[in-house]
Amino acid sequence: MPQTGPSQTVKFYQTGTLTVGNRLLDPASRTVQSSESRSNAITCGHRACQGCGEALGARYAVDAAMRAANSQLVCVNATGCLEVFTTPYPETSWQVPWLHSLFGNAAAVAAGVAAAMRVKGRQEVRVLAQGGDGGTTDIGFGCLSGMFERNDDVLYVCYDNQAYMNTGVQRSSATPPTARTATTPVAEDAPGNVFGTGKNVPLIAMAHNIPYVATASVADLHDLEAKVNRAMSLRGARYLHVLVPCPLGWGSASHDTIRLARLAVECGLFPLFEAEHGEITATKPIRRRVPVEEYLRPQRRFAHLFRPDAPHAGEALARIQAMADANIRRFDLLRMSDDRKETA
Amino acid sequence: MSNHPFAITLDVGSSLDNLTGSWRTAKPVYGDRLPPCNKQCPAGENIQGWLYHAESGDYRKAWEVLMQDNPLPAIMGRACYHTCESACNRGQLDQPVSIHAVERFLGDLAIREGWQVKAGAPTGKRVLVIGAGPSGLSAAYHLARLGHAVTIAEAGPKVGGMMRFGIPSYRVPRDVLDAEVGRITAMGVEILLNTRIADIPQAMADGSYDACFAAIGAHLARRVDIPAVAAGRVLDAVSVLRGMECGDEPPQLGRRVVVYGGGNTAIDVARTAKRLGAEEATIVYRRTREMMPAHDFEVEEALEEGVVLNWLRTITAVEDGAMLVEKMALDEKGWPQPTGDYESIAGDTLILALGQEVDTTVIERVPGVEVNRDGTVKVGENLQTGYPGLFCGGDMVPSDRTVTVAVGHGKKAARHIDAYLRGMEVETPTKHPDAVFERLNSWYYTDAPQSVQPTLDLLRRSTSFDEVHGGLDEETAQFEARRCLSCGNCFECDNCFGVCPDNAIIKLGPGQRFQINDDFCKGCGICAAECPCGAIDMVPEEV
Ligand SMILES: Cc1cc2nc3c(=O)[nH]c(=O)nc-3n(C[C@H](O)[C@H](O)[C@H](O)COP(=O)(O)OP(=O)(O)OC[C@H]3O[C@@H](n4cnc5c(N)ncnc54)[C@H](O)[C@@H]3O)c2cc1C
Ligand SMILES: Cc1ncc(C[n+]2csc(CCOP(=O)(O)OP(=O)(O)O)c2C)c(N)n1
Ligand code: SF4
Ligand code: SF4
Ligand code: SF4
């Protein structure tokens, strides 16, 4: 009888494009991180905690930028964990030209480096500035806004671990409501951080009409690297906001770092999107939706929401779920992803 | 006292000097776990292992890995009830990997390409195998690979045992059967047809065999006494199916055929009757449809082809052109009980399909051999009987009666016979721990529904013995292989290498997998948590 199988395209279904690499993928579709020749911008022996999401996020972003810039890259670093665990002076983990000045002025220093390169006619040298959420959304915010407004040729990467981790887990303007930090303790009348109006720096960056703004997480490497590549293909001010779970500050297991980053995306609390010149150009649909509880429960900073006797827990969880739902509506996150469409 | 400048405690240099591995309290260790498919396979196939090669399109290698355990992949891909697929972890995600379809693809490809297997270096030992069914063939193949000289004595006029005399050709085409058996004879295995062994010790002595494996199957049709008037014809299923292969012309069945029984044989004979032109084929079974031992998919296919099912009925008499049946009802315990309520079913031929028994006459005469109460032969864990050098397997020993179990027995017997011939014990390697679904990080696997095998048009099915199911083409077979999650065995996805925050994993290159750099691994466990297939364990460090 005729051998007629139904027509299907042979993809790497075992992994799709979701794992870091795969022996079956052609090298062009693998991630920078799957390559033995990745630059390993932050090398071994750094002093980050076990399971540090920021160490991971920074290596992902900088390695990708290194490849995109043909290794012609200068990094500027705000004060914070990343700076401290990689460079207890004069020892360094960096395998890339790297500058540190102050907590609040990474964007301004980077703008200066970019200007210097322009003056020297070294346009091939690219500049990347980086800092934690405290150094970005709070104390470095003025410099950052200035860099955006002047459209300086810098890619600024914020590693968002949602608090000032390096100095003992104090609240930042990126700390989520109800999270317990050293400065937002949980007490009878104080259920962790407040439900404020929030400070969404990616959206604020978009409001500056800069060439490129994106969010990413350490749980989706292909997406993160694609965003760095896109950013590096453009000139002018660019902003990438990466969610990097912190086992110490979040009170989570060190092996859960990537899982939590994934759950944050899959529950809708951390939407992944890209924008160019103030307009959203792409969003990443949720693959397997989960309720916010699944994301919050493994983190001790939210433990009070799950105590049976907690008076406001029910209402708080409902409000957090409502925040996730609002994101899902706003970015249309429940539509089918391309991967699902193909097999549907 | 350090001679560093004020407030400086470190030397200028790279952080590589900090051996942060000393922070570790648990250590990641790569392992190979036992996937549920492999664990379930009665032939002991390394399914995950051969799918791995099929994924990359190295079908030859895939086939070679498969052939280490099973010499009949093209037959097995068709006849095996593939219980591996019920165990497959992917079933908990969407649908199981269609393992049998890929196996069949490899088996067919090997036949098309003429791939062969070499016999081992001669040991000078001779082994007699009795019965050329799947068990005997499998034993002969494995013994030949081990270098022993094998002769198979087969009572019938053709090879294959129940694969030929039982399973109809619309499920296992005979050219496929011949091709796979041909590969075994090409290895030097001698098959003597029409050679019934009546005295095993004598036959062993006559041919100076050092050992014997008997796999004579179960061929005696179980019968019940049903009063029949002269006109009614009563046949048994095994003879009817055998008649398809051995007679000069197909068995003559009536226009209206009634089959008594509820197993796969009943279904096969009813479907065969339909194909031979019976207008009606009705299966009468004492219990309910749910209690039928026949596999669901076979029942479904039979129904599609117009076979009628009549359950909760017993046949009490064969009349002229009809069967007298009594209705049954389930009691509180769920057992069928007679009701005293009778009806008549039209039918001119009754075919009994009530199971088969082992013809133990040949074995009973061998000193030291015991026969169990159900007529099977008593064997030890190593399939050895009480008679020196005599091993038995397949349908004639207590076990599930399937082709795959028979093939598995053949392999096991070959291993033990080999050890017996060398005066040694078989060493059983320790089993790897199970690769359970809970250890998978299934998020990394993209959606991929199971491939569907083409099915022959109904009209063609009921009028011919053409094969009902088609195979997968190359593209689809590869797609299906790539649906495998590689449970518990690294498939080089680079996740561990990519997700380590300390760059403490060394990539050893294609096919070489990975290694942990103990100097810097802090023991966070992310690599283990993010390994899609659960190939990494976190083992506590000794402190
Ligand atoms: C109708 C039917 C359909 C089936 N369908 C399936 C199926 O789809 N899938 C499945 O997995 N299983 C199926 N089975 C079961 C399967 O065929 C058997 O379990 C399997 O063939 C047993 O293998 P065996 O080698 O032990 O014995 P057999 O296959 O029975 O082979 C025994 C051989 O020994 C020979 N022999 C017997 N006595 C002597 C002697 N004294 N000297 C020399 N030779 C002798 C016989 O002629 C025969 O060739 C089916 C069985 C039947 C009856
Ligand atoms: C102007 C100034 N204020 C305070 C500090 C002390 N300080 C150093 S790191 C840090 C917190 C950094 O937090 P964040 O930017 O979120 O980065 P993280 O450590 O969480 O990665 C603070 C408050 C400082 N270095 N400079
Ligand atoms: S997914 Fe693959 S390895 Fe896992 S049980 Fe299924 S076939 Fe076996
Ligand atoms: S991810 Fe790296 S540091 Fe963590 S346990 Fe694995 S090898 Fe060790
Ligand atoms: S993560 Fe991937 S590469 Fe690493 S052990 Fe698991 S399967 Fe292999």
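Student: How many residues does each chain bring to the contact between chain B and chain A?
Tutor: Chain B contributes 65 residues and chain A contributes 61 residues. The model is a predicted one.

Student: And how much area is buried between chain B and chain A?
Tutor: About 5,700 Å² is buried between the two chains, with 52% of it on carbon and sulfur atoms. On the side of chain B, W443(B), R482(B) and N503(B) supply 15% of the area buried against chain A, more than any other three residues.

Student: Turning to charges, how many salt bridges are there between chain B and chain A?
Tutor: The count is three salt bridges. One pairing is that of R262(A) with E530(B), whose closest N and O atoms are 3.0 Å apart.

Student: How many residue pairs are in polar contact across that interface?
Tutor: There are 33 such residue pairs, counting those with both residues at pLDDT 80 or more.

Student: Which elements of chain B give two or more residues to the side that touches chain A?
Tutor: They are strand β1 (13–14) and the helices α2 (47–55), α17 (474–481), α18 (495–499) and α19 (526–530) of chain B.

Student: What is the make-up of that side of chain B by class?
Tutor: The side of chain B that touches chain A has 30 nonpolar, 22 polar and 13 charged residues.

Student: Back to β1(B): in which sense does it pair with β2 of chain A, parallel or antiparallel?
Tutor: The pairing is parallel, over two bridges, and β2 of chain A covers residues 91–92. Within this pairing, T92(A) has S14(B) as its bridge partner.

Student: Which residues does the cis peptide bond in chain A join?
Tutor: The cis bond joins Y89(A) and P90(A), with omega about 0°. P90(A) sits in the loop between α2 (81–86) and β2 of chain A. As background, most peptide bonds are trans.

Student: New topic: what is the phi of N22(A)?
Tutor: Phi of N22(A) is near 155°, a positive value in a residue other than glycine. Most residues other than glycine have a negative phi. N22(A) belongs to the segment before α1 (53–68) of chain A.

Student: Then confidence: what is the mean pLDDT of chain A?
Tutor: The mean for chain A is 93, and 93% of the chain's residues reach 70 or more.

Student: Where in chain A does pLDDT stay under 50?
Tutor: It stays under 50 over residues 1–8 of chain A, a stretch for which the model has 16 contacts beyond four places in sequence. Where pLDDT is low, the predicted coordinates should not be read in detail.

Methods:
Residues numbered from 1 in each chain as written. Chains lettered and ligands numbered in written order. Predicted model: local features only at pLDDT ≥ 70, side-chain atom pairs only at ≥ 80, totals over all residues. Heavy atoms only, no water. pLDDT = per-residue confidence, 0-100. Contact = heavy atoms within 4.5 Å. Buried area = accessible area lost by both parts, 1.4 Å probe. Salt bridge = Lys/Arg side-chain N within 4 Å of Asp/Glu carboxyl O. Polar contact = N/O pair within 3.5 Å; in protein donor to acceptor, adjacent residues only side chain to side chain. Helix = DSSP H or I, 4+ residues; strand = E, 2+ residues; numbered from the N terminus. Nonpolar A, V, L, I, M, F, W, Y, C, P; charged D, E, K, R; others polar. Pairing = 2+ DSSP bridges.
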